[in-house]
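Trainee: Hi, have you got a few minutes to look at a model with me? I'd like to go through some parts of it.

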Amino acid sequence: MFFLQLALSGLAQGAIYALVALSMCVVYRATTVVNFGHGDLVMAGAFVVYLLVVLAGLPFPASAIAAVALLFILGALIEIGLIERIKAGPHIGFALMCIAVGYLLRGAARAVWGREVLPMPRVFDFPPVMLGELVVTADALVIFSAVGVLLMLFFGLFYRTSAGRIMQAVCQSERGAALVGINVRAFHGVMWGVGAAMGAIGGVLVAPLTLLHPGLGAGFLIKGFAAMTLGGFGSLGGAVAGGLLLGVAEQWVGGYVSTKLIDITAYLVIILVLALRPSGLFGQAVAERV
Amino acid sequence: MAALLQLAGVNVQFAGLQALSNVDLSARGGEIKALIGPNGAGKTTLFNAISGYVPIAAGSISLNGSAIHGLAPHAIAARGVRRTFQNGGLFPELTGLENVLAGLHARIDASFAGILFGTRASRAAERDAVARARRLLDGLGVSHLADVQVNTMSGGQQRTIEIVRAVAAEPPLLLLDEPAVGLAPPVRAQLVELIRRLAGETGIAVLLIEHAIDLVMAAADVIAVFNGGAKIAEGPPAAIRTDPAVLEAYLGHA
Amino acid sequence: MNGQTPQHALAHRALGTRVFYAAPLLALVIPLFANPYTQFIVNLTLVYVLVTVGFNLVLGNLGQLAFANTALFGIGAYTAAILMAHAGWPFWAAIPPAGAAGAAAGFLASVTALRGIRNYYLAIVTLAFGELLRWSYIHGEALSGGTDGLTVRHADFFGIALESETARFYVFLLIVTVIVKAVSNLMRSKIGRAIVAIRDNELATASLAIPTGRYIVLAFTLSGFVVGIAGSLFAVLIGQVIPESFGLIELILHFAMVLVGGLGSLFGSVLGALALTALPEFFRPFPGLYEMFFGGLLIVFLLIQPRGLSALCAKRWPALRDRYYRER
């Protein structure tokens, strides 16, 4: 029972990782740039919600929508205003630019909020649900349903609509897409916006659950990478599966070994997977499908 | 005389697609063999297979009688195979001289500690290599490019530097992938002369991928024709010119 | 279309050599003009020269993004501090182990390169490995002292007690000069060429019989050695080694020094350390300003001068351009 209870709370945590990993994966697949500042976009989403709820007194849903919209714009601006402009520079410039933007956001957050950690008032305040002997907390329920709806929406859009198929086409071949008249630059900007907005949703969902601080993003970045690595780097479905798996693994490690080790589970996952099975846990399956 | 390079029944597959099927090919010291055929015929794939950049699904590739397929590219290169790249394989931020020196890497006899402390022996080894690289550049008439950064050179200049780099270590087997693209006519004549001289004087084997048919006719001893991933004909230039299978392949494509 | 003749090149190199030796010789007189605080900043600059030289080997010369640099800096500092504080070693004896520990960590951070891990993947491995090391600094209380860290009191360099900033300066200057010279030797040899060749075109590098995976690991190992030595100097200079010194706040400074100085330029590494070492002090009273400044600085340089200050200098004085061979 303890085993299952741990798995359940792990899944709730993992759903957030899955969302963050998926949002990183979207940017990577669409633009081949790995955003090493993505964690700070997640942090920014959480902070904007905090700002609007606590300081401006807006209701949570309105704040959440505003935060996600704001982060969409920010993501698109980063791509169009900064990433797009350094295509001629050294190859390593993209990654350095992402890192720099991340630090800028983190510094801005710290300048506004100072050094202390911030609790946000609880938003989802209803009693937990019992599944037999398993306790499903309100937070977990909200996260499950929110992430579930989002994933269905995302994969439905990506694989079932014509807009999604255009996206897939551009991801496959930029030159081909440019030839048939798709504005690749605008596409990159939009996909950065989508990635940032999805990351922000992750931030919005965790904001009421944890203590907020400007350094929040670094953990999400690494956990996002661990999820992507587990699922096979660049695989959208793999990122989701990897995120869930990582969340569960962390809880088991914490519950059966030591809570001290929760933090390093992600590090070990990255190192072991890339050392032993670089294509990820499901890498073989992906290759066979082709 | 036994062949230096021997390919037997080589198959290469990309994601289920047959890129090379059942290719037999050999190369001998002192012989220049040109590989021709339409785009997508598998010529560059063959180079990639020989030099270890793509794995082969079946068959064997041997150099001097020992199998080299399955080895990493650097290990194959260490056995004496050098190649050029169709899309340019130079180091753009290094100078012409530094590029050629990289080609001499394995021949510079300097230990790690010697380099670290700048010992007399390591300096001498480096000095000799620099002198040799300058002579090689001079030999192809490009000594003025020694201190020019590659990314500021013209396409033809880059091709020339890449050939100098490939021959610098005197490899027994040289694979040239479209070396004449972007070269001015006088330089092309020089190139033909250089390739002939390399094969004639130093006795190295040359495989040459080239679309410029005049250059092929002038340089090659033997021509192998590829189409659709298979070798469809092989023989001396005069015979290839009239081979019905070759005409068919080319006319069918034109 | 006329390039430089070898004679010109030789003259340039002679000038370059003179510049190389003139800099530390001129620096000898600094203590005559410095008060203890400015001398401390000068000493810290020397530490950061090594940090930047080491990091640039991977970031600039190899062209490989990496995140473990602060953790490598930390392992050098902890190794020296542990040997000095727990085992009572003199400072001079603790320096080589600090370098060795840094080298070993650099090796481990990059060893997956032998199995074909590259680019983003390798960068992510270094991120995870670096965080793992930092976690061990916090949780390895018995050795590292946990979040309280370790205090380094008496630094003994072959019988000279490094009590004053001036004494530390001369010892640091000697060590930094020797290491920068050794790195310069490496860069202007087949090893340095192989490393930058991998950055420019790895497939072509392998076609020249250069085992690229091994050279990637070598670059990381060398980088770890240099940064590890820097860590041991840092431990003695600050007198205290705590995990906080090797976190993300520190990392942006390392990135900024390499980029502002010039990716892949040894001369640039020195410039980057000179330009930025003193700045963090000014931001201390204002939370967040530090990260905003260095993040913004990186953005400005990436947009306007992505090859850093060294490229500006090399444009004016060609003698300062980095070369990857030697003729004498």
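Trainee: Let's start with Thr44(B): is Thr44(B) buried or exposed?

Mentor: Bear in mind that this is a predicted model. Thr44(B) counts as buried because it has 21 C-beta neighbours inside 10 Å, and the cut-off for buried is 20 or more.

Trainee: Nice. Which helix is Thr44(B) found in?

Mentor: Thr44(B) is in helix H1 of chain B. That helix covers residues 43-50 and lies across S3, S6, S7, S8 and S9 of chain B. Its direction is at about 145° to S7(B).

Trainee: And what does Thr44(B) touch, leaving out residues up to four places away in sequence?

Mentor: Thr44(B) touches Gln86(B), Asp177(B) and Ile209(B).

Trainee: How far is the C-alpha atom of Thr44(B) from that of Met217(B)?

Mentor: Those C-alpha atoms are separated by 20 Å, with the two residues 173 apart along the chain.

Trainee: Back to those strands. What is the strand order in the sheet of chain B?

Mentor: The order is S6-S7-S8-S3-S9-S10, an open sheet of 6 strands with mixed pairing. At the edges are S6 (81-83) and S10 (230-235) of chain B, each paired on one side only. From one strand to the next, the twist averages 20°.

Trainee: How many bridges join S3 to S9 in chain B?

Mentor: There are 4 bridges, and strands S3 (residues 32-36) and S9 (residues 222-227) of chain B run parallel. In that pairing, Ala34(B) is opposite Ile223(B) in S9(B).

Trainee: Switching to chain A: at what angle do H2(A) and H8(A) cross?

Mentor: Helix H2 (residues 38-55) and helix H8 (residues 184-206) of chain A cross at roughly 55°, and their axes come within 7 Å. H2(A) is therefore oblique to H8(A). The crossing is right-handed.

Trainee: Which residues meet there?

Mentor: From H2(A), they include Leu41(A), Gly45(A) and Val49(A), and from H8(A), they include Ala196(A), Gly199(A) and Gly203(A). By class, this contact of H2(A) with H8(A) has 11 nonpolar, 5 polar and no charged residues.

Trainee: Last one: how many residues do chain C and chain A put into their contact?

Mentor: Chain C gives 36 residues and chain A gives 38. On the chain C side, the elements giving two or more residues are helices H6 (119-139), H12 (248-261) and H15 (289-304) of chain C. The residues on that side of chain C divide into 27 nonpolar, 6 polar and 3 charged.

Trainee: Great, thanks for the tour!

Notes. Residues numbered from 1 in each chain as written. Chains lettered and ligands numbered in written order. Predicted model: local features only at pLDDT ≥ 70, side-chain atom pairs only at ≥ 80, totals over all residues. Pairing = 2+ DSSP bridges. Axes fitted to C-alpha atoms, helices over the stretch in contact; angles between N-to-C directions. Contact = placed C-beta atoms within 7 Å. Nonpolar A, V, L, I, M, F, W, Y, C, P; charged D, E, K, R; others polar. Parallel < 35°, antiparallel > 145°, perpendicular 65-115°, else oblique. Left-handed = near helix turned anticlockwise from the far one by under 90°. Buried ≥ 20, exposed ≤ 12 C-beta atoms within 10 Å, placed from the backbone.
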